[in-house]
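Let's take a walk through this structure together, one piece at a time. Have the sequence and the 3D view ready as you read.

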Amino acid sequence: MIEVRPIDDEQIWRQFLANPGPQPGLFLQSPGWFKFQQSLGTQAEVLGFWQKNDLVGTALALRRNLPLKNHYIYVPRGPVVFNTSLSNDVVAALVEHYQSTNAMFLRVEPVVL
């Protein structure tokens with residue numbers, strides 16, 4: 001079972017992303033990209049995917065507004081999951097998390113390593 005919780009500690013997020021070393025495209029899931037998006041006025045949040053007490057994935061999710069008070073969620077180059085056997089579970093947890101927000105759709109671009 002994967003639990004989804006916001007990540008408030010940037011250090012935990014940075015350590016997770018640095019774990020396998022540099023990967024192509026991960027800057028779109030980095031704290032720097034998060035800050036840049038916020039400076040543009042984009043609503044963004046960082047989610048952690050936890051299995052028991054282990055962080056197994058992260059996602060920088062951007063909310064994009066649409067006409068008629070609708071929105072969608074975009075996760076560029078993510079969610080980031082280094083244990084590929086957990087990828088489906090993480091995406092399913094992400095979908096479940098955003099179903100409660102009435103987002104019109106969820107766009108993900110997982111990195112395949």
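**A sheet and its helices**

Let's begin with a residue in a helix: Gln37 has a relative accessibility of 5%, so it counts as buried, the cut-off being under 20%. Keep in mind that this is a predicted model. Gln37 belongs to helix α2. And what does Gln37 touch, if we set aside its neighbours within four places in sequence? It is in contact with Thr42, Leu62 and Arg64.

Now for the sheet. It's an open one with five strands, in the order β1-β2-β3-β4-β5, and the pairing is mixed. β1 (3–6) and β5 (106–108) sit at the edges with a single partner strand each, so one side of each has no neighbour in the sheet. From one strand to the next, the twist averages 30°.

Strands of a sheet pair through backbone hydrogen bonds, and they can do that parallel or antiparallel. Let's go along the strands and see. β1 and β2 are antiparallel, with four bridges between them; Glu3, for one, has Trp50 in β2 as its bridge partner. β2 and β3 also run antiparallel, joined by nine bridges, and here Phe49 has Gly57 in β3 as its bridge partner. Then β3 and β4 pair antiparallel too, over five bridges, with Leu66 partnered by Asn70 in β4.

How do you get from one strand to the next? β2 and β3 make a hairpin with two residues between them, and in that turn Lys52 has a positive phi of about 60°. The hairpin of β3 and β4 has three residues between the strands, and there Leu68 takes a positive phi near 60°.

Back to the helices. α2 packs on the sheet, where it touches β2 and β3, and its direction makes about 20° with that of β3. Helix α3 (residues 87–99) lies across β1, β2, β3, β4 (70–75) and β5, and it runs at about 130° to β2.

That leaves α1, residues 10–18. At its start, a side-chain oxygen of Asp9 comes to within 2.9 Å of the backbone nitrogen of Gln11. Which residues of this helix are buried? They are Trp13, Phe16 and Leu17. Look down the axis of α1 and these buried residues fall within an arc of 95°, so they line one face of the helix. What covers them includes α2 (31–39), β2 (43–51) and β3 (54–66).

Methods: Residues numbered from 1 in each chain as written. Predicted model: local features only at pLDDT ≥ 70, side-chain atom pairs only at ≥ 80, totals over all residues. Heavy atoms only, no water. Buried < 20%, exposed > 50% of the residue type's maximum accessible area, 1.4 Å probe, protein only. Arc of directions from axis to C-beta. Contact = heavy atoms within 4.5 Å. Polar contact = N/O pair within 3.5 Å; in protein donor to acceptor, adjacent residues only side chain to side chain. Pairing = 2+ DSSP bridges. Axes fitted to C-alpha atoms, helices over the stretch in contact; angles between N-to-C directions.
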